Amino acid sequence: MNKKKEKTFEEALEELENIVEKLSSGDMALDESIKLFEKGMKLKNFLSEKLSDAKNRIKILIEKEDDYIEEDFDSEE
Amino acid sequence: MPTKKIYTVTELNNSAKNILEEKFPSLWVQGEISRFTLHSSGHMYFTLKDSSCAVDSVMFRRENIKLDFSPGQGVEVLVKGRLSLFAPQGRYQLVVEEMKEKGTGELEEKFRKLKEKLFKEGLFDEKHKKKIPAVPRLIGIVTSPTGAAVRDILNVIKRRFSNVDLIIYPSRVQGSLAAGDITRGIEVLNSRYPEMDAMIVGRGGGSIEDLWPFNEESVARAVFNSKIPVISAVGHEIDFTICDFTSDMRAPTPSAAAELVVKNKEDLLRRVSRLERSMVDSVRGKIKLVSSSCRNAFDSAVLTRPFKIIEERIQQADYLEEKLTTVLKHGMEIRTHRLNTLAGTFKSLSPRKTLERGYSITYILPEKKPVKSSSSARRGQRMETVLASGVVISEITATEKEK
């Protein structure tokens with residue numbers, strides 16, 4: 001299903017947390033802080049996008065000729 | 001009379017009731033039912049006893065309609081409930097919320113033996129437990145497609161973080177063929193979806209016989225061998241199965257399993273915006289700090305070592321302004337007016353004011369690098385000098401070291 005090897009939500013969240021920690025620790029040159037800030041904003045946008053991407057696919061595996069196929073699962077019975 | 005507190009009986013009973021309810025909000029008790037009555041209101045009244053003691057108990061209709069067996073005199077049960085006190089009679093009682101029949105001899109014995117065997121093999125060891133990812137994208141479910149469990153799980157997941165894909169492996173969950181189905185389901189999901197983040201294996205409540213497939217050795221081992229983390233969610237909170245022990249995490253019910261695996265979307269959104277805020281605050285604080293130290297530099301050091309300090313600070317301010325503008329252009333979600341304010345701060349540090357006082361800035365051409373030392377300039381190079389009004393281009397005829 002998800003074949004693309006993009007960053008996971010968790011990885012991005014963790015990275016963002018690290019950036020925030022570094023930024024708040026204080027002793028960093030301003031231009032370095034701003035570079036980090038830009039990176040953090042990109043991560044933040046990525047995370048918000050992931051969260052608003054509100055689709056879930058629900059599939060059920062059906063056995064067919066010694067193999068399985070995915071079919072949409074209708075949860076309303 | 002001394003100033004002792006004198007209770008009315010009502011106050012006494014109410015105080016005792018409060019203490020009991022606070023101290024025992026949830027507990028498990030094992031015992032035998034006696035003096036059982038099913039009142040016309042639908043509530044069940046009985047005492048739980050062992051060889052020497054007894055406690056009054058009640059199981060209200062709301063709870064007892066969910067029972068899958070009929071409790072009665074002499075039945076050994078395990079109950080979950082809370083303590084309370086029936087104030088009108090000053091009798092304390094156990095308010096039962098869940099009740100489970102203690103397994104009948106043979107099954108109980110099988111359960112105990114298998115549990116002991118697998119425990120000795122180390123299949124329950126904490127060190128084998130895999131972590132459930134905080135934000136999974138693909139979740140498997142091995143359960144009956146028509147059962148209560150799948151409905152409960154889907155309901156929870158739809159209410160929560162919905163950016164998640166689900167694959168259901170339809171399996172029987174009771175009867176002699178169920179264990180084979182469940183085992184195959186776990187294996188099929190592992191081989192077809194190695195990227196799967198977690199799977200929920202379970203079913204809704206039922207009698208000990210109904211839940212039995214989850215106590216089969218083949219299921220317990222398939223759960224243990226799964227590369228994908230397994231959350232076991234069998235029956236109600238009160239039901240423990242061998243599959244629970246070999247799983248990576250036990251959930252008290254299928255809904256609870258879904259809640260464990262799928263985070264609340266609102267919580268995540270809040271967490272992300274909190275991080276954003278703290279990031280903006282730190283950077284803003286830092287910029288304030290730099291700009292105030294710029295001002296200090298102008299105020300104090302300008303007369304003694306004018307060029308070095310001014311140039312450096314001006315350059316820094318220019319650089320930052322440019323940087324911040326880039327950030328803005330990229331549409332980063334810092335609030336625009338806030339950034340503008342910051343940019344304004346830097347503008348006020350612009351060299352113009354200093355130039356008006358008669359200072360000037362000189363750049364080496366063609367790189368337009370500010371000259372800070374005569375050693376970086378060579379004879380014959382052209383220079384641009386920026387004045388308060390206008391620019392002068394000149395050529396270097398000689399350089400001298402500082403005195």
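**Exercise 1. Where two chains share a sheet**

Find the strand of chain B that three bridges join to strand β1 (residues 58-64) of chain A, and work out which way the two run.

*Solution.* Keep in mind that you're looking at a predicted model.

Step 1. The partner is strand β7 (residues 165-170) of chain B, and the two strands run parallel, with three bridges between them.

Step 2. Want a spot to check on screen? Ile58(A) sits opposite Leu166(B) in β7(B).

Step 3. Now look within chain A: β1(A) is joined by six bridges to strand β2 (residues 67-72), and this pair is antiparallel. Here Leu61(A) stands opposite Glu70(A).

Step 4. Follow the chain from β1(A) to β2(A) and you have a hairpin with two residues in between. In the turn, Glu65(A) has a positive phi of about 45°.

**Exercise 2. A glutamate on a helix of chain A**

Decide whether Glu10(A) is buried, partly exposed or exposed, and list what it touches beyond residues up to four places away in sequence.

*Solution.* Step 1. Locate the residue: Glu10(A) belongs to helix α1 (residues 9-25) of chain A.

Step 2. Its relative accessibility is 27%. Buried needs a value under 20% and exposed a value over 50%, so Glu10(A) counts as partly exposed.

Step 3. Leaving out residues up to four places away in sequence, Glu10(A) touches Pro133(B), Ala134(B) and Val135(B).

Step 4. One more thing to try: pick out Leu47(A), which is 37 residues from Glu10(A) in sequence but 9.1 Å from it in space, C-alpha to C-alpha.

**Exercise 3. A barrel in chain B**

Work out the order in which five strands of chain B close into a barrel, then find the helix that packs on the sheet.

*Solution.* Step 1. Go round the barrel and you get β1-β2-β3-β5-β4, with mixed pairing. From one strand to the next, the twist averages 50°.

Step 2. Zoom in on one pair: β1 (residues 27-38) and β2 (residues 44-49) of chain B run antiparallel and are joined by five bridges. Ser34(B) is opposite Thr47(B) in this pair.

Step 3. The helix you're after is α1 (residues 9-23) of chain B, which touches β4 (76-86) and β5 (91-101). Its direction makes about 140° with that of β4(B).

**Exercise 4. A strand covered on both sides**

Explain why strand β8 (residues 198-203) of chain B can be called largely enclosed, and name its partner strands.

*Solution.* Step 1. Count the buried residues: six of the six in β8(B) are buried, so the strand is largely enclosed by the rest of the structure.

Step 2. Split them by side. In a regular strand, side chains alternate between the two faces of the sheet. On one side of β8(B) you find Ala198(B), Ile200(B) and Gly202(B); on the other, Met199(B), Val201(B) and Arg203(B).

Step 3. Now for the partners. β6 (residues 138-143) of chain B pairs with β8(B) in the parallel sense over four bridges, and Gly140(B) stands opposite Met199(B). β9 (residues 230-234) of chain B also runs parallel to β8(B), with five bridges, and Ile200(B) faces Ile231(B) there.

Step 4. Trace the chain from β8(B) through α6(B) to β9(B): that's a right-handed β-α-β crossover.

Step 5. Finally, see what else lies against β8(B). The buried residues of helix α8 (residues 254-261) of chain B pack against β8 as well as β6, α4 (148-159) and β9. Those buried residues are Pro254(B), Ala256(B), Ala257(B), Ala258(B) and Val261(B).

**Exercise 5. Two helices side by side**

Describe how helices α5 (residues 178-192) and α6 (residues 217-225) of chain B pack.

*Solution.* Step 1. Two packed helices are described by the angle between their axes and the distance between the axes. For α5(B) and α6(B), the angle is about 10° and the axes are 9 Å apart.

Step 2. Angles under 35 degrees count as roughly parallel, so α5(B) and α6(B) fall in that class.

Step 3. Look at who meets whom: Ala179(B), Ile182(B), Thr183(B) and Ile186(B) come from α5(B), while Ser218(B), Val219(B), Ala222(B) and Val223(B) come from α6(B). Sorted by type, the residues of this contact are six nonpolar, two polar and no charged.

Technical notes. Residues are numbered from 1 along each chain as its sequence is written. Chains are lettered from A and ligands numbered from 1 in the order in which they are written. This is a predicted model: local features need pLDDT of at least 70, side-chain atom pairs count only at pLDDT 80 or more; totals for chains, interfaces and linings use all residues. Side-chain values use heavy atoms; hydrogens and water are left out. Axes are lines fitted to C-alpha atoms, for helices over the stretch in contact, and angles run from 0 to 180 degrees between N-to-C directions. Angles under 35 degrees count as roughly parallel, over 145 as roughly antiparallel, 65 to 115 as roughly perpendicular and the rest as oblique. Contact means heavy atoms within 4.5 Å. Ala, Val, Leu, Ile, Met, Phe, Trp, Tyr, Cys and Pro count as nonpolar, Asp, Glu, Lys and Arg as charged, and the others, Gly among them, as polar. Two strands pair if DSSP finds at least two bridges between them. Buried means under 20% relative accessible area, exposed over 50%, partly exposed in between (1.4 Å probe, protein chains only). A crossover is right-handed if, with the strands pointing away from the viewer, the path from the first strand over the helix to the second runs clockwise.
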